[in-house]
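Thanks, everyone, for making time this morning. I would like to walk through one model with you, starting from a single helix and working outwards, so please have the sequence and the structure open as we go.

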Amino acid sequence: MRGVRPALAPLLAVGVAGTTLIAQPGAPLPFTVPAWAFPTQRASGPTPPPDSVALLRVPNSSRFYTRTQIANGFDIPDWFPGQHPPMPASVQYGVRPDGRACGFCHLPDGQGRPENGTLAGLPVDYTVRQMRAFRTGERTSANPATPTGPMHTVAKGFTNENEVRAAARYFARLRLTRRNVIREVRDVPKTRIAGLLYAYDGEGTEPIAGRLIEVPESLERHELRDPWVRYVTYVPTGSVSRGRVLATRGPAGAATACATCHGPQLLGVGEIPPIAGRSPSMMLRQLINFRTRARQDSTAAPMYAVTDALSLDDMVALSAYVGSLPPSARRAPSTATRK
Ligand code: HEC
Ligand code: HEC
């Protein structure tokens, strides 16, 4: 990365004059944060306590939990204990009163959910640094209403850095597997906001109108924290190929081609995180967060030159493209002969 930064320096200076919509210095062109990319539904009154009697399960799990157990951020449900190594305490139990367990939101196998993101396979130092950035407020969200709030509370709740590091090491060893499908459409099924993401809303469609809408195939399974529920991402027709061209050429020349820093298959290099196969709506929010300087941690700057050169449509296309890639390295073809 050190070799790349000087090449980017001139790009960072482009077009500072004329900024109207963004208050932060150094942001070159006006950019309007699209509200649709940050779905948030505020509770419209006190929520009733979850049911503590009925035993529920998800497909293929042999375990049963009540809704009270599923909503417990300090001893989290684990539907498939055989599918991941034993969790460290920070991932399973967290730290009371504010440090809810990482696995509560990001799931025990680190596959995450669109509103919080995958942690499986993230570099240890990246995770530790982001936790620090959430704690200090260097990392926020372009839309203050969502969805960094929970992460700020959690990051402040984890005051012992060793606990964060134990969690980071655990997640770094896990492998991300595909949980999402990309669908290019002119019209998207009708959706509504359910918590911090979209959910299907009855029959009928409406124009996609430049948006990227990620929806769980089953909201019920999402809410039960089933790590195997699939997510469908609807994007405008042509997004994936448009994203591929942008990613390959680089939005502002070769130095900004995604592979320059994220590696040839966009699976990350050193401390630079992987982006291939991750939740497209999460990736889109992060591009917007860099673009608006809501992410200001010590290593965010290389992404400013990249995102300053992107329109919202470009960001949608790139998020769809990177989301469509395999999330972990394909095994090298076996040379062993079959018996
Ligand atoms: C209450 C839910 C919740 C818990 C518990 C939680 N997180 Fe998060 N986390 C979030 C949300 C929401 C985001 C997305 C923030 C954003 O989009 O800016 C996030 C984002 C992150 C990111 C950024 C990922 C990226 O790709 O940049 C990291 C790293 C992270 N969390 C680590 C952790 C660790 C480690 C723990 C446990 C010590 C933890 N989180 C516990 C909700 C949670
Ligand atoms: C000059 C190096 C560089 C280039 C080129 C680059 N990135 Fe990045 N990217 C980074 C670094 C470094 C980070 C981590 C930022 C941080 O630590 O805050 C990052 C983070 C990201 C993230 C946030 C990931 C997360 O887990 O939150 C996304 C999304 C992203 N890049 C997408 C892209 C795309 C798409 C391209 C190509 C159009 C691209 N990047 C090109 C260096 C680069």
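Against which elements do the buried residues of H9 pack? Before I answer, I should say that this is a predicted model, in which local features need pLDDT of at least 70 and side-chain atom pairs count only at pLDDT 80 or more, while totals for chains, interfaces and linings use all residues. Residues are numbered from 1 along each chain as its sequence is written, chains are lettered from A and ligands numbered from 1 in the order in which they are written, and side-chain values use heavy atoms, with hydrogens and water left out.

Now to the answer: the buried residues of H9 pack against S1, S5, H10 and H13. Helices here are DSSP runs of H or I with at least four residues, strands are runs of E with at least two, and both are numbered from the N terminus; buried means under 20% relative accessible area, exposed over 50%, and partly exposed in between, with a 1.4 Å probe and protein chains only. The residues in question are Ser239, Val240, Gly243, Leu246 and Ala247, and because they fall within an arc of 125 degrees when seen down the axis of H9, they line one face of the helix; the arc is that of the directions from the helix axis to the C-beta atoms. On the other side of H9, Thr248 and Arg249 are exposed, and just after the helix Gly250 takes a positive phi of about 90 degrees.

Let me step back to the chain as a whole. The protein chain has 13 helices and five strands, and buried residues make up 51% of its 339 residues. Of the contacts with a separation of 6 or more, 63% are between residues 24 or more positions apart, where contact means heavy atoms within 4.5 Å.

H9 also contributes to the largest nonpolar core, meaning a set of buried Ala, Val, Leu, Ile, Met, Phe, Trp, Tyr and Cys residues joined through side-chain atoms within 4.5 Å. That core has 41 residues, of which Leu266, Leu284 and Ile288 touch the most other members; the elements that give two or more residues to this core are S1 (180–185), S4 (213–216), S5 (231–236), H9 (239–249), H11, H12 (302–308) and H13 (312–324). Apart from it lies another core, of 15 residues, among them Ala101, Phe104, Tyr126 and Leu174.

Leu266 deserves a closer look, since it lies in the loop between H10 (258–262) and H11 (280–291) and has a phi near 60 degrees, a positive value in a residue other than glycine. At 4% relative accessibility, Leu266 counts as buried, and, not counting residues up to four places away in sequence, the residues that Leu266 touches include Cys258, Pro274, Tyr321 and Leu325.

Leu107 also has a positive phi, near 70 degrees, in a residue other than glycine; Leu107 is found in the loop between H4 and H5 (124–136) and is buried, with a relative accessible area of 4%. In the loop between H3 (89–92) and H4 (102–106) we find Pro97, and the peptide bond from Arg96 to Pro97 is cis, with omega near 5 degrees.

That leaves the metal sites. What are the protein donors of the iron atom of ligand 2? They are His262 (NE2) and Met303 (SD), lying 2.0 to 2.2 Å from the iron atom, where donors are N, O and S atoms within 2.8 Å of the metal (3.2 Å for Na, K and Ca), and sites may look incomplete because water is not among the atoms. This pair links distant parts of the chain, with His262 in H10 and Met303 in H12, 41 residues apart. The six donor atoms subtend angles of 86 to 179 degrees, which makes the arrangement octahedral; six donors count as octahedral if opposite donors are over 155 degrees apart and all others between 65 and 115.

For the iron atom of ligand 1, the protein donors are His106 (NE2) and Met151 (SD), at 2.1 to 2.2 Å, and this site is octahedral as well, with angles of 83 to 179 degrees among its six donor atoms. Because His106 lies in H4 and Met151 in H6 (residues 149–157), the pair ties together parts that are 45 residues apart in sequence. Both His106 and Met151 are buried.

Key: Tetrahedral: all angles 85-135°; square planar, octahedral: opposite > 155°, others 65-115°.
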